[in-house]
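Trainee: I would like a close look at a single part of this protein. Could you walk me through it slowly?

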Amino acid sequence: MHIEVGLTVAPRGQVTLGRTLGSLVAAGFARPRLFCDGPVEVPEEYAVTRREPAIGGWPNFWLGLTELLARNPNADAYLMVQDDVVFCRDVAAYLANWQPPVDCGVISLFTPACNNGPSGWHPFAAGYGMAGAQALLFPRDRAFDFLAHPWTVNHRRAAPASKHYRGDGLHHIDGVVGEWCKLVRRRAFCHSPSLSQHIGETSVMYPGFTGKQDRRFANTFPGEDATVMNKLL
């Protein structure tokens, strides 16, 4: 399976980029393209797309996924990862041995505590309240469908606002993906135990965030040294 990988990067007080890049290699993924939202220092050997001034989390994600498809429209799948995530070893090989159901819209390689379920792959709650945008994998056709859907295209200018959600169209990547799944009647899948972990203790978008909240922390993650093919398959 050929997976194109994009990594969204933003300035943050706790620098985790190097650890994330090393973990992607250990997990067996191809070298990612870095989508830098604002002035950040990145290793010179990586392909980089810069957005200056910064445009926000959701626009950077949407443009990054669009660019991955534009550069290689024939990949089997497209993985968008945040710059504060680590993985089990050999996750890419593990994915190659699993065929997603035909109604799969997106696969989350990160399983926060609120999405825990039975061992193996299982669907979890979608909709605008969906939790987890740390490592989202789109099968090829679903990626095209997602980017072209009116809900996705219009989120920047018509994001819903409420007590819990900002209406500026700059945030809620997981919510946009989850609501798209709901609208097109496709399911979101994740894995127990979690195949990745969120290591960031701070948030670029939410200064009051704490990294161990159940929506942003995988309490089943077996560790970066766990080899998926030997222990989880």
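Which helices and strands do the buried residues of helix 4 pack against?

Mentor: Happy to. A word on the source before we start: this is a predicted model, where local features need pLDDT of at least 70 and side-chain atom pairs count only at pLDDT 80 or more, while totals for chains, interfaces and linings use all residues. Residues are numbered from 1 along each chain as its sequence is written, and side-chain values use heavy atoms, with hydrogens and water left out.

Now to your helix. Helix 4 covers residues 140–148, and R142, A143, F146 and L147 are its buried residues (buried means under 20% relative accessible area, exposed over 50%, partly exposed in between, with a 1.4 Å probe and protein chains only). Helices here are DSSP runs of H or I with at least four residues, strands are runs of E with at least two, and both are numbered from the N terminus. The four buried residues lie on the same side of helix 4 because they cover an arc of only 130 degrees around the axis, taken from the directions from the helix axis to the C-beta atoms. An α-helix has 3.6 residues a turn, so residues three or four places apart point the same way.

As for partners, these buried residues pack against three helices and three strands: helix 2 (57–71), helix 5 (150–158) and helix 6 (173–184), together with strand 4 (77–82), strand 6 (104–108) and strand 8 (135–139). Contact means heavy atoms within 4.5 Å.

Two of those partners also meet each other. W151, T152 and H155 in helix 5 touch V176, E179, W180 and L183 in helix 6. The axes of helix 5 and helix 6 are 10 Å apart, at an angle of about 145 degrees; axes are lines fitted to C-alpha atoms, for helices over the stretch in contact, and angles run from 0 to 180 degrees between N-to-C directions.

The strand partners belong to an open sheet of eight strands, in the order 3-2-1-4-8-6-9-7, with mixed pairing; two strands pair if DSSP finds at least two bridges between them. Its edge strands are strand 3 (48–51) and strand 7, each pairing on one side only. Strand 6 pairs with strand 9 in the parallel sense over three bridges, and V106 has A188 in strand 9 as its bridge partner. Helix 6 packs on this sheet too, touching strand 4, strand 6, strand 8 and strand 9.

Finally, helix 2 holds T66, which counts as partly exposed because its relative accessibility is 28%.
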